[in-house]
Amino acid sequence: MSPKQHCVKLNDGHFIPALGFGTYKPNEVPKSKSLEAACLALDAGYHHIDTAYAYHIEEEIGQAIQSKIKAGVVKREDLFITTKLWCTCFRPELVKPALEKSLKNLQLDYVDLYIMHFPVPFKPGDNDFPVDEQGKSLLDTVDFCDTWEMLEKCKDAGLVKSTGVSNFNHRQLERLLNKPGLKYKPVCNQVECHLYLNQSKLLDYCKSKDIVLVAYGALGTQRYKEWVDQNSPVLLKDPVLGDVGKRNNRSPALIALWYLVQRGVVPLAQSFKENEMRENLQVFEFQLSPEDMKILDGLNKNFRYLPVTSGGCYKTREQIQNNWKMSGIKLGEDEDEHGKHILTQWISVPHER
């Protein structure tokens, strides 16, 4: 069964496919693999493709999309393409040019969803992660509420169909929702979410505001060495998850994905292997009992594989603390189930609330 038949309605009336294909790649993986994977995903039946300017593979994703459209595999109107605004382009005058660059890379006239990648602005320039001579992150003073106004204008101009955010905690969402003159609410909040970090409080909050939670790292990430501790638990090898899978005659990956889908979360499944891509599409072919869902609820550890720094890099807690203190960012523990092991208050001192 195709994910095209399974969609979630967004608060602006558009629909997002209930399963997406994630395209992030680490530096160790050549860009050609991203092109190949995107082609395989489209061939397999994925219609929801999630990418970002900061992944530096928009051109490859665009090539894959155009090749499959020309081959008659898909039609543009049947696709849901997401990309993201990077933090060096949060100044209002930089938003539209950044979007236009992404559209050019993707060879598209519009994207279905445009997302603010993180709620923290960096100093504009050619470096995605600007730092000073001491290695401190160079932050900008722009307010993300001002950035959001430009996303609204891009929507009005027809360059994007929907606008959303990523890596926002509930305080930041509240601040955006309470913005005077808000024209469009964010349709989604994309965050790390999986069985070990089920985000129940943040999910409940988002549902109360009619905001869809989109999950990256839905299968416990691809565990790339550059940003995931190799000593961290392997989610898909969890014995409880394995038992639920055996009881339902499904793989751990399918159980992990359906757990999110059944709770109203839109997961992004990522893989470079065709057999895994096709297997993940089977997520809509079964359901879990309330008993199994309760068992899986018990796996939550508030454990994050990807502790995000102000620089968008993934480091240890100590490195995060040192980097953020030097960069003038307020540190704090978010109460929205981002877990006690991470810091999530991306609020620069000039705009502290």
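**An internal cavity and a helix pair**

In this predicted model, the largest cavity is lined by Phe21, Gly22, Thr23, Tyr24, Ser34, Ala37, Ala38, Ile61, Gln270, Ser271 and Phe272. Two elements, β3 (20-22) and α1 (31-44), each give two or more residues to this lining. The largest share comes from α1, with 3 residues. Sorted by class, the lining contains 6 nonpolar and 5 polar residues, and no charged residues. Among the nonpolar residues are Phe21, Ala37 and Ile61, while the polar residues include Thr23, Ser34 and Gln270. The volume of the largest cavity is about 60 Å³. The structure holds 1 cavity of 30 Å³ or more.

A second feature is the packing of two helices. Helix α8 spans residues 252-262 and helix α10 spans residues 290-297. These helices pack at an angle of about 100°, and their axes lie 11 Å apart. Angles of 65 to 115 degrees count as roughly perpendicular, and α8 is therefore roughly perpendicular to α10.

The contact between the two helices involves Ile255, Tyr259 and Gln262 on the α8 side. On the α10 side, Met293, Leu296 and Asp297 take part. By class, the residues of this contact divide into 4 nonpolar, 1 polar and 1 charged. The polar residue is Gln262 of α8, and the charged residue is Asp297 of α10. The nonpolar residues are Ile255 and Tyr259 in α8, together with Met293 and Leu296 in α10.

Methods. Residues numbered from 1 in each chain as written. Predicted model: local features only at pLDDT ≥ 70, side-chain atom pairs only at ≥ 80, totals over all residues. Heavy atoms only, no water. 1 Å grid on protein atoms, 1.4 Å probe; cavity = no way out; pocket = protein on both sides within 12 Å on 5 of 7 lines; lining within 4 Å. Points joined across faces, edges and corners; volume = space filled by probe spheres on them. Helix = DSSP H or I, 4+ residues; strand = E, 2+ residues; numbered from the N terminus. Axes fitted to C-alpha atoms, helices over the stretch in contact; angles between N-to-C directions. Parallel < 35°, antiparallel > 145°, perpendicular 65-115°, else oblique. Contact = heavy atoms within 4.5 Å.
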